[in-house]
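Reader: I am new to this structure. Could you take me through some questions about it, step by step?

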Amino acid sequence: MKIIEIDLNYIANEESVIALGNFDGVHRGHIALINKAIENAKKLNIKSSLLLFNEHTDNLVKVGKKEIITTNKTKFEILENLGIDLIYLINFTKEFMSYSPIKFLDCFLAKNLKIKGVVVGYDYTYGYKKSGNVEFLKKNKYLFESVEVIDQISYNGEKISSSLIRKLIESGKIKEANFLLSRPYKLIGKIIHAKGLGKKMGYPTANLELIDNFVIPKFGVYDTDIIIKGKRYKASTNIGTNPTVEHDGVKIEAHILDFTKDIYGDSVELELLNFVRPELKFNNIEDLFSQIAKDVLITRNR
């Protein structure tokens, strides 16, 4: 797979069939779309491609940084496993936002990127103020050898979308979110020093400082896996404000089972597998650590 950073003047070297969308999360709906682009590219004996933005498009048009489900690095790993040949990576600039729908289809896709086939979701929009839609694309399909629109893919009667997955994560419904993602929801960060209370009580924790603006799950305890230098370990992880002893901001604290190595400063990946219980305030430290013992047992016995 090639990752090619481009601007609006870039001229592609290879013809391709492109999948278009925001691809935040690369969920089951996105995967169906991507697989169709790969299939159509093989029929035409050319490359499959995908257009990605360096940042979520909402970050340029809305106030406040969008909470992400996946980093671009994670997207690249997923897309390579799916079999995409080319990723065109571009900044979502005000100039790009101002493109008319026909300029986007004709000048940018057909002429500059040498796109021969397009695959989009039924609700895909593009161009100035999202004025381009699937109907406009179909009217101008003469620009390409093939245009394919993927119908809505639903789960329990609701459209599979990044917004739905965000809601599930924020509600602690992590198993459902993972099903729609087709993999565990993952937080990425580095291990930092904290107060060390858990260590004193026999339950040392690895405290995670996130590298990006991830969607924060419902506060509580999760059964998790933590990946350190390519190795996977079981971990019981608390996400929240730790109201019994601290109240000083959101913390992500993973008690890694049967692990004693010093990993301060290391980058790790934390995969959320199941929601164990909501965040609770205990009457005293002893009650807190009695509950932690029960939480750890759930992770150990899974």
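Reader: In which loop does I160 lie?

Author: This is a predicted model. In it, I160 belongs to a loop flanked by a strand and a helix. The loop is the one between β8 and α7.

Reader: Is I160 buried or exposed?

Author: The relative accessible area of I160 is 7%. Buried means under 20%. I160 therefore counts as buried.

Reader: Which residues does I160 touch, leaving out those up to four places away in sequence?

Author: Some of them are H27, R28 and G29. I153, S154 and Y155 also touch I160. The list ends with L180.

Reader: How far apart in space are I160 and T93?

Author: In sequence, I160 and T93 are 67 residues apart. In space, taken C-alpha to C-alpha, the distance is 28 Å.

Reader: Now the helix after that loop. Which residues of α7 are buried?

Author: The buried residues of α7 include S162, L164 and I165. They pack against α1, β8, α8, β9 and β11. The full buried set is S162, L164, I165, R166, L168 and I169.

Reader: Which residue with a positive phi follows α7?

Author: The phi in question is near 80 degrees. The residue that follows α7 with this positive phi is G172.

Reader: How do α7 and α8 run, roughly parallel or roughly antiparallel?

Author: Helix α7 covers residues 162-170, and helix α8 covers residues 174-181. They pack at an angle of about 155 degrees, with axes 7 Å apart. Angles over 145 degrees count as roughly antiparallel. So α7 and α8 are roughly antiparallel.

Reader: What is the handedness of the crossing of α7 and α8, left-handed or right-handed?

Author: The two helices cross where they pack. The crossing of α7 and α8 is left-handed.

Reader: How many nonpolar residues has the contact of α7 with α8?

Author: From α7 come L164, I165, L168 and I169. They meet I174, E176, A177, L180 and L181 in α8. By class, the contact has one charged residue and no polar ones. The nonpolar count is eight.

Reader: On to charges. How many salt bridges does a search of the whole structure find?

Author: One of the salt bridges joins E148 and K36. The search of the whole structure finds 17.

Reader: How many residues apart are E148 and K36?

Author: The closest N and O atoms of this salt bridge are 3.8 Å apart. E148 sits in strand β6, while K36 sits in helix α1. The pair links distant parts of the chain, and the separation is 112 residues.

Reader: Why are E77 and K73 separated by about one helical turn?

Author: Their side chains meet in a salt bridge, 3.0 Å from N to O. An α-helix has 3.6 residues a turn, so residues three or four places apart point the same way. E77 and K73 are about one turn apart because they lie in helix α3 at a spacing of four residues.

Reader: Is K73 buried or exposed?

Author: Its partner E77 has 31% relative accessibility and counts as partly exposed. K73 has 54%. Over 50% is exposed, so K73 counts as exposed.

Reader: Which residues are linked with E271 in a network of salt bridges?

Author: E271 meets R232 in a salt bridge of 2.6 Å, N to O. E271 lies in strand β14 and R232 in strand β12, so the pair ties together parts 39 residues apart in sequence. E271 is buried at 11% relative accessibility, whereas R232 is partly exposed at 47%. The residues linked with E271 are D223, D225, R232 and R302.

Conventions:
Residues are numbered from 1 along each chain as its sequence is written. This is a predicted model: local features need pLDDT of at least 70, side-chain atom pairs count only at pLDDT 80 or more; totals for chains, interfaces and linings use all residues. Side-chain values use heavy atoms; hydrogens and water are left out. Axes are lines fitted to C-alpha atoms, for helices over the stretch in contact, and angles run from 0 to 180 degrees between N-to-C directions. Angles under 35 degrees count as roughly parallel, over 145 as roughly antiparallel, 65 to 115 as roughly perpendicular and the rest as oblique. A crossing is left-handed if the near helix is turned anticlockwise from the far one by less than a right angle, and right-handed if clockwise. Contact means heavy atoms within 4.5 Å. Ala, Val, Leu, Ile, Met, Phe, Trp, Tyr, Cys and Pro count as nonpolar, Asp, Glu, Lys and Arg as charged, and the others, Gly among them, as polar. A salt bridge is a side-chain nitrogen of Lys or Arg within 4 Å of a carboxyl oxygen of Asp or Glu. Buried means under 20% relative accessible area, exposed over 50%, partly exposed in between (1.4 Å probe, protein chains only).
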